[in-house]
Structures are given as C-alpha cells and as structure tokens.
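This report walks through selected features of one model, beginning with a single pair of residues and widening from there. Please keep the sequence and the structure in view while reading.

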Amino acid sequence: MDIVYWTVGRDDLTTDAGSALPFEKFLTSYEIERLSYLRFPKRRAEWLLGRWTIKYLLRHSIPAFNGWQPGLVQVKNEPEGMPYLENTGKQTPLPANISISHRDHYAFCAITGSAPLKIGVDIELIESRPPSFLEDFFTQNEYQQGLSFQGYQRDVWFTLIWSLKESVLKALGKGLRLDTRCVEVRDIGVVLPLKTAGAAQWFNARVVYEGEPDVQWCAWWRKQDRFVYTLAARLPDAHTTPQLQEVPANLEE
Ligand SMILES: CC(C)(COP(=O)(O)OP(=O)(O)OC[C@H]1O[C@@H](n2cnc3c(N)ncnc32)[C@H](O)[C@@H]1OP(=O)(O)O)[C@@H](O)C(=O)NCCC(=O)NCCS
C-alpha cells in the first residue's frame, strides 16, 4: 500500500527580523542563493521553515532516504511553482513527490515515494472571508451549503472548502492559475459542527476536478486549534487509497 507521510514543522524561533533557525546547516548553496532573493522577513521565515520541514520529513519517512543529511538534497520548484526534491550532488530529482504549505509559523508538508501519486497539501487559518470572495471562488453548491451555517461554523466551512480546493490545485501542479470552481468538494465526510472529541482527527472528503471528471481523488482534512489542514492525492488508474502516516517533527534534530 502507498503511504503519504506528513508532518507539521513549527518555527518557534522566528522573529520580526527573520528566522533564527540555523539555516546554514540545512540549506545547500543553491538554496542560500534563492533565499538571498527573498526580501521580506515573513516570506524568508516561511520559506525556510518549509525547507527545514520537508527535509526533516524526508529523512524520517521513506526508508531509502532515512538519515539523509539536509545538504544532500535541495528543494527546487517547477516553473509553475510545484516543489520537488533534487539530489544535490547528482542534480537529479529524487523519486518522491512532495507538497509544502505554510501559515503563521507552521509548515505542513507531505511526501510519498509512490511516483504516480501526485499530492497537495494546505494549511489555512480559520477566518471570516468577505461575501464577494465567497461568491467568486466557490461553486453554487458549495456556496449554498456554506450559507446554511452561521458565524464560526460558516468560517470553518468556507476555510475548509477553500483549503481542499488549494490542495487539489497543488497536486495538479497549477495552484491558483486554475479557476478554483473547477474543483468541487462534494462531501466533507462529517456533519458540522464538529464535536470536540472529533477535532484533530482526519476525515475523508470527496472532491471532483472537472478537467478530469473520471479521475479518482483521495482527500483528507482535519481541524486543529485555529487551523484546518487538508491533503489531496490524485490516484492513478486502479490505485488503492493510500495510507496517511504522521511523522512528528522535532526542531532539535
Ligand atoms: C500554490 C498556491 C495556491 C499557494 O498559495 P498559498 O496558500 O499562498 O501558500 P502555501 O503556503 O499554502 O503554499 C506555498 C507553497 O506552495 C507550493 N507551490 C507553489 N506553486 C505551486 C504549484 N503550482 N503547484 C504545487 N505547489 C505549488 C510551493 O512549495 C510554495 O512554497 P515555497 O514557495 O516555499 O516553495 C499559490 O501560491 C499559487 O497558486 N501560485 C501560483 C500562481 C500564482 O503565482 N498566482 C499569483 C497569485 S493568484
């Protein structure tokens, strides 16, 4: 069975002046140069945390890469932004698919060693969005369902649906270049509001991408504290549902 490993890295050390993580230790010279082009402290900090977290996940997940030191691998991005891992010495892509998302000192990352499995992740802060945003970026079904909730539950709904869309669009390698309405969330697998006991567990959602209506997707979501986390995997033909496996992150390592 295919496994999708995931983790959440947390940048406890970030300051307004930038990240205090000892980034020289885990960046390659290519990455140090990339970092030098990033001017804004917030962007530098989230970019760094994403790199630290995905490299941590790599060496604690797929057996072939266990113990790989951060300098042996570097994160590059396809022209449209999709990240991938490269063997620093050989300058060849690693046989692993990854996805990165960051928000408010957290980085949510996933990796799979199953090459045909395209994955996307997203972390979103639960917050209210203006009516014009809701009208523009959601399908009629999603919008109408969302309006049936009030207050905080409405915010949870729209944040969650938005995040699932982003995860699918990331797995497609396109991000917001595609219209968010081309992905429809048909079912979130549970009825809102969530009971406290149900929080922080993964639920299955059903999503459809209208560009490939016959392709199967697996999508998961969880709500924890102020955030929703979503993960989407595009299943190649006849693939069974992958298993999610958490890798707890430890900044000390
Ligand atoms: C991908 C995208 C949806 C992420 O938006 P976001 O919620 O602000 O940011 P997140 O933290 O969740 O994700 C950022 C990560 O997504 C990944 N990403 C970027 N473009 C991607 C793409 N086309 N496919 C898959 N993943 C992508 C990157 O790893 C990025 O992190 P990094 O820059 O540190 O490597 C958005 O940036 C996007 O669509 N970008 C491409 C199109 C674009 O630039 N449009 C202009 C704005 S509308």
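In this predicted model, N87 stands opposite T92 in β4. N87 also serves as the bridge partner, in β3, of V73, so that two partners are named for this residue. Another link to β4 starts from E86, whose bridge partner there is P93.

These pairs belong to an open sheet of 3 strands, which has the order β2-β3-β4 and antiparallel pairing. The edge strands are β2 and β4, each of which pairs on one side only. As background, strands of a sheet pair through backbone hydrogen bonds, either parallel or antiparallel. The two pairings are set out below.

| Strand pair | Residues | Bridges | Residues between strands | Positive phi |
|---|---|---|---|---|
| β2 and β3, antiparallel | 73–77 and 83–87 | 5 bridges | 5 residues | G81, about 110° |
| β3 and β4, antiparallel | 83–87 and 92–93 | 2 bridges | 4 residues | Q91, near 55° |

Both pairings are hairpins, and G81 lies in the turn between β2 and β3, while Q91 belongs to the hairpin of β3 and β4.

G81 appears again around the ligand, where it is, together with M82, S101, G175 and L176, among those that come nearest out of 19 residues. By class, this shell holds 6 nonpolar, 7 polar and 6 charged residues. Domain 1 (3–117) and domain 2 (120–235) each contribute at least three residues to the shell. As for secondary structure, at least two residues of the shell come from each of α2 (41–59), β5 (97–103) and α5 (151–171).

How many of the 21 residues of α5 are buried? The helix is mostly covered, with 16 of its 21 residues buried, where a residue counts as buried if 20 or more other C-beta atoms lie within 10 Å of its own. Its length can be checked as well: at 1.5 Å a residue, the 21 residues of α5 should span 30 Å, and because its end C-alpha atoms are 31 Å apart, the two values agree. In general, an α-helix has 3.6 residues a turn, so residues three or four places apart point the same way. Just after α5, G173 takes a positive phi of about 80°.

Taken together, α5 is a mostly covered helix that also supplies at least two residues of the shell around the ligand, whereas G81 combines a place in the turn between β2 and β3 with a place among the residues that come nearest to the ligand.

Note on methods. Residues are numbered from 1 along each chain as its sequence is written. This is a predicted model: local features need pLDDT of at least 70, side-chain atom pairs count only at pLDDT 80 or more; totals for chains, interfaces and linings use all residues. A residue is near a molecule or strand if its C-beta atom, placed from the backbone, lies within 6 Å of it. Ala, Val, Leu, Ile, Met, Phe, Trp, Tyr, Cys and Pro count as nonpolar, Asp, Glu, Lys and Arg as charged, and the others, Gly among them, as polar. Domain bounds come from an automatic or database domain assignment. Two strands pair if DSSP finds at least two bridges between them. The expected span of a helix is 1.5 Å times one less than its number of residues. A residue is buried if 20 or more other C-beta atoms lie within 10 Å of its own, exposed if 12 or fewer, and partly exposed in between; C-beta atoms are placed from the backbone.
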